[in-house]
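This report describes the strand pairing, helix packing, nonpolar cores and backbone geometry of a single structure. The sequence and the model are shown first, and the description follows.

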Amino acid sequence: MSGFAPVSSETAEVERVPGRETEFVRDLRAPNKFLVNRAVFTDNSLLAQERDAIFSKCWIYVGHDSEVPNPGDFVAREVAGRPVIFTRNREGEVRVLLNSCSHRGAEVCRERRGNQRRFRCFYHSWSFSNDGELVSMPDESGFPAGFRKEDHNLAQPAAVDSYRGFVFATFNPEQEPLAEYLADAKYYLDLTADQAAGDVGMVVTQGTHEYSMKSNWKLLAENSSDGYHAIPVHKTYLDVQKTRGDNVAGNTEKDWKESHAFDLGNGHTVTVKQAPWGRPVARWQPSMGEDTKATVEASYRRLVELHGDERAQLIANLDFNMLIFPNLVINNIMAVVVRTFYPNEPGHMNVTAWSLAPGGEDKAARRVRNESFLSFLGPAGLATPDDNEALESCQRGYASRPGEGWNDVSRGMDKFDPPNWDELQMRTFWRRWDDLMGAKE
């Protein structure tokens, strides 16, 4: 049920570059010990380095192609701190354009979303197609000899690509192809995409959650696939589900069956489990209401028709929390949340989240999904505020010993097949982070 065999990456101690002033990660053997310097959460100088070494070099999630279904559709948003326009051109091809006029730099799109053939800068009225081409400007004849419009198109990332509807961009011209970068994360993206029929696909449901946290972005990267905190931090949610009839003991690890943590390559991580809550895609629980049982059971029959018994069971019953390095989270649990986050200070980040659902889902099924999503995964639900408070509490705690102290991330380090409440997934993230930040030549 759990998919991949765990990748054992904990057999050798990580080498460090001689002369590096600060040691951020200690990855030790005999005895096994994995420590993270708390300075990584508070050091102002690291943020500029992260922007250059990580966010400007890796593939970064832009959006889902269902957000721009028609030619001319666009969404303007920030991606890794850069204002971009996510759009489709006249031929129906997805484009990612930097939202900055090539003339004086003003935004050429000041609406959040819509449909239009051209983006016009309000400052001097330069106009660009949704391919980014400069098509017109006032008093073109006034520019000097040798001026060429084709030299002033909107800037674009070095590459844009997609996998199963998930669109990524990179500003690194030497970055490996997206399919290689995603590595074994593709397996879980497939499980997510296969919830929908191929001709309609998965879609982002209406509405976007945007909020901020007074904590370092790497704390959310850790938290998003951390199974160790689930029972103590989310006890309220589990207790509520129990009062509504679900078979949730809520106080023992045995509630989570077939639990494993995986290293998916390139810093991507996942924890998988068969959890005790319901899933609108095909796993009914009493807390969802008796009137929804037929709808959920019909969803399961649809999965069987699409994929056969074995894969339908996998799609319906395998819950997972996945981090695609550095800042994309896909939690496919009691609903599907797609979440990104980006730091603007060492102790502050902005978070954006969307709900993903099968296209063509009927109103009854969508209602079940929305209720499941909002009750746990929404920013006002029974879980997300708990996580936010935990991470902000960590950030406040680091002020007690500025620049000092180490976090212990050693749990499960001596196990080949760690359950999801161990910390292989966090060590995987930190090894990749340390590598990109200069731990290895």
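Strand S9 (residues 127-129) is joined to strand S10 by two bridges, and the two strands run antiparallel. Within this pairing, Ser127 of S9 stands opposite Ser136 in S10. The model is a predicted one, and local features are described here where pLDDT is at least 70. The pair belongs to an open sheet of three strands, which follow the order S8-S9-S10 with antiparallel pairing. Its edge strands are S8 (118-120) and S10 (134-136), each of which pairs on one side only. On average, neighbouring strands of this sheet are turned by 40° against each other when direction is ignored.

The helix packing can be followed from helix H8 (residues 309-317), in which Ala312, Leu314, Ile315, Ala316 and Asn317 are buried. These buried residues of H8 pack against helix H3 (185-193), strand S16, helix H7 (293-307) and strand S17. Two packed helices are described by the angle between their axes and the distance between the axes. For H3 and H8, the axes come within 9 Å and cross at roughly 95°. Because angles of 65 to 115 degrees count as roughly perpendicular, H3 and H8 are placed in that class. The contact is made by Tyr187, Asp190 and Leu191 on the side of H3, and by Arg311, Leu314 and Ile315 on the side of H8. Divided by character, the residues of this contact are four nonpolar, no polar and two charged.

The largest nonpolar core holds 82 residues, and those that touch the most other members are Phe168, Tyr188, Met322, Ile330, Phe341, Trp430 and Trp433. Helix H11 (residues 424-439) gives the most to this core, contributing five residues. A second core, separate from the largest one, consists of 15 residues, among them Cys101, Cys109, Trp126 and Leu154. When residues up to four places away in sequence are not counted, Phe341 touches Trp217, Leu220, Ala221, Leu323, Pro326, Asn327, Val329, Met349, Asn350 and Val351.

Pro326, which appears among the contacts of Phe341, also leads to the backbone geometry, since the peptide bond from Phe325 to Pro326 is cis. Most residues other than glycine have a negative phi, and most peptide bonds are trans. The table collects two cis peptide bonds and two positive phi values, together with the loop in which each is found.

| Feature | Value | Loop |
|---|---|---|
| Ala30 to Pro31, cis | omega near 5° | Pro31: between S1 (25-28) and S2 (33-37) |
| Phe325 to Pro326, cis | omega near 5° | Pro326: between S17 (319-324) and S18 (328-332) |
| Arg164, positive phi | phi near 50° | between S11 (159-163) and S12 (166-170) |
| Asn266, positive phi | phi near 60° | between S15 (257-265) and S16 (268-274) |

Are the residues with positive phi, Arg164 and Asn266, buried or partly exposed? Arg164 has a relative accessible area of 37% and is therefore partly exposed. Asn266 likewise counts as partly exposed, because its relative accessibility is 23% and buried would require under 20%.

Methods: Residues numbered from 1 in each chain as written. Predicted model: local features only at pLDDT ≥ 70, side-chain atom pairs only at ≥ 80, totals over all residues. Heavy atoms only, no water. Core = buried A, V, L, I, M, F, W, Y, C linked by side-chain atoms within 4.5 Å. Buried < 20%, exposed > 50% of the residue type's maximum accessible area, 1.4 Å probe, protein only. Helix = DSSP H or I, 4+ residues; strand = E, 2+ residues; numbered from the N terminus. Contact = heavy atoms within 4.5 Å. Pairing = 2+ DSSP bridges. Axes fitted to C-alpha atoms, helices over the stretch in contact; angles between N-to-C directions. Parallel < 35°, antiparallel > 145°, perpendicular 65-115°, else oblique. Nonpolar A, V, L, I, M, F, W, Y, C, P; charged D, E, K, R; others polar.
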